[in-house]
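Q: I am new to this structure and would like to go through it step by step. Could we begin with a single side chain and work outwards?

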Amino acid sequence: MPKLLLWVAFAALALFVIVLGAERYLASRAVWAQRVMTPNADVEALFGGEPTPIGSPQQYVVFDGKAFLSERNESGVLQLDERYLQRTGTYPLQLKTVEFVGSLARWGTALLAVLAFGVRWLMLRKEAGAAA
Amino acid sequence: MAFQRCALPLLLLLAAAASHAQTFRVGKEAGLPVSQTVTVESDADFENFTGITHGVSGVIRIDPAKKTGSGRLEIDVASIDTGVPLRNEHMRSAQWLDTDKYPTAVFETTSVRHKSGDTYTVTGRLTFRGVTRTITTDVNARLIKESAQSRAARFRGDVVRVRGQFRLRLSDYGVRIPDIAKGKVAEIVTIRFDVFGQTG
């Protein structure tokens with residue numbers, strides 16, 4: 001049993017490191033962007049090409065470069081083409097989701113490692129006491 | 001009797017002359033070549049999600065001379081799409097938007113005051129989930145007169161584009177967020193609208 005607990009503790013620590021690494025990697029790929037619906041040709045002809053914003057600017061992790069419009073908005077923020085996202089069935093991942101899930105996973109794996117080490121230590125102590 | 005016969009059309013004519021208000025029809029039945037957009041954004045810990053609907057219909061009346069107007073818009077709440085089918089299903093349930101019972105939200109203006117340029121301060125009553133509350137917000141209303149360009153863009157008559165946003169507290173309209181969903185749905189959501197109307 002103590003051997004199994006040691007395995008569990010190390011597996012939890014390994015998971016902790018993997019989660020942390022994945023979180024760091026995704027955070028490094030995140031960019032501030034505004035989802036926008038580009039106007040159709042009729043609207044553009046009359047009211048200009050300013051797109052309709054969908055929600056507020058967020059930090060998104062989007063690997064497909066074609067999802068971004070070539071022009072930034074008036075605040076200098078990148079623009080994510082909602083029509084492209086809908087066409088390709090892409091739901092853009094937000095950095096805050098990565099951080100939220102990452103934080104839960106890190107706490108979970110850390111707690112599991114501490115518990116496994118703790119229980120193993122108690123068991124070994126009990127066994128040593130019995131042997132003495 | 002003859003006087004009455006003449007007076008009524010005359011009064012109607014005078015009333016029409018005194019008011020230069022134009023009526024713009026909004027929505028699919030108005031035959032507009034563009035879609036309306038209303039978005040609902042929830043800024044929660046887990047993520048910001050935005051629901052989108054193009055189901056908006058109604059009328060907007062604008063008097064350019066007096067720089068005032070009025071309007072009534074109906075939003076198809078049941079057609080709001082958040083990009084996740086399961087979330088849409090939950091959102092339409094009785095606990096949330098209860099769209100079987102309240103499929104639409106209605107906004108009706110009570111006062112429109114010109115602020116500056118194309119900006120107007122609009123106050124109106126929003127009825128959503130059977131609850132009516134007053135909302136005041138600034139909107140941008142851009143009017144385009146009928147022209148060869150507007151006709152080429154397949155619009156009929158004069159065209160108006162109205163854009164704006166306001167925030168609403170879900171609990172004001174009877175939506176109680178369960179504890180389990182507290183990090184996923186915000187108590188206060190932002191509504192943004194971008195609607196078009198045409199007179200023809």
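A: A polar atom of the Thr137(B) side chain lies 2.6 Å from the backbone oxygen of Gln165(B). This is a predicted model, in which local features need pLDDT of at least 70 and side-chain atom pairs count only at pLDDT 80 or more, while totals for chains, interfaces and linings use all residues; pLDDT is the predictor's confidence in each residue, from 0 to 100. Residues are numbered from 1 along each chain as its sequence is written, chains are lettered from A and ligands numbered from 1 in the order in which they are written, and side-chain values use heavy atoms, with hydrogens and water left out.

Q: Where is Thr137(B) found, and is it buried or exposed?
A: Thr137(B) belongs to strand 8 of chain B; strands (E, at least two residues) and helices (H or I, at least four) are DSSP runs, numbered from the N terminus. Thr137(B) is buried, with a relative accessible area of 11%. Buried means under 20% relative accessible area, exposed over 50%, and partly exposed in between (1.4 Å probe, protein chains only).

Q: Which residues does Thr137(B) touch?
A: Leaving out residues up to four places away in sequence, Thr137(B) touches Tyr120(B), Thr121(B), Val122(B), Gln165(B) and Phe166(B). Contact means heavy atoms within 4.5 Å.

Q: On to the two chains, then. How many residues are in contact between chain A and chain B?
A: On the chain A side there are 22 residues, in contact with 33 residues of chain B. About 2300 Å² is buried between the two chains, 55% of it on carbon and sulfur atoms. Leu46(A), Phe47(A) and Tyr91(A) lose the most area to chain B within chain A, together 30% of what that side buries. Buried area is the accessible area (1.4 Å probe) that two parts lose on being put together, summed over both.

Q: How many salt bridges are there between chain A and chain B?
A: The count is three, where a salt bridge is a side-chain nitrogen of Lys or Arg within 4 Å of a carboxyl oxygen of Asp or Glu. One salt bridge joins Glu50(A) and Arg163(B), with the closest N and O atoms 3.6 Å apart. This pair crosses from the loop between helix 2 and strand 2 of chain A to strand 9 (residues 159–169) of chain B. Glu50(A) is partly exposed at 42% relative accessible area, and Arg163(B) is also partly exposed, at 24%.

Q: And over all chains, how many salt bridges does the structure hold?
A: The structure holds 14 over all chains. Among them, Glu82(A) and Arg35(A) meet at 2.8 Å, N to O. Glu82(A) lies in helix 3 of chain A and Arg35(A) in strand 1 of chain A, so the pair ties together parts that are 47 residues apart in sequence. Both Glu82(A) and Arg35(A) are buried.

Q: What about Lys145(B) and Asp158(B)?
A: Their side chains meet in a salt bridge (3.2 Å, N to O). Lys145(B) is exposed at 54% relative accessibility, whereas Asp158(B) is buried at 9%. In chain B, Arg72(B), Glu74(B) and Glu108(B) are linked in a network of salt bridges.

Q: Last topic: where in chain B is confidence lowest, and where highest?
A: Confidence is lowest in helix 1 (residues 2–18) of chain B, at a mean of 52, and highest in strand 7 (residues 119–128) of chain B, at 97. Chain B has a mean pLDDT of 89, and 90% of its residues reach 70 or more. Where pLDDT is low, the predicted coordinates should not be read in detail.

Terms used: A polar contact is a pair of N or O atoms within 3.5 Å; within protein, one must be able to donate a hydrogen and the other to accept it, and residues adjacent in sequence count only if both atoms are side-chain atoms.
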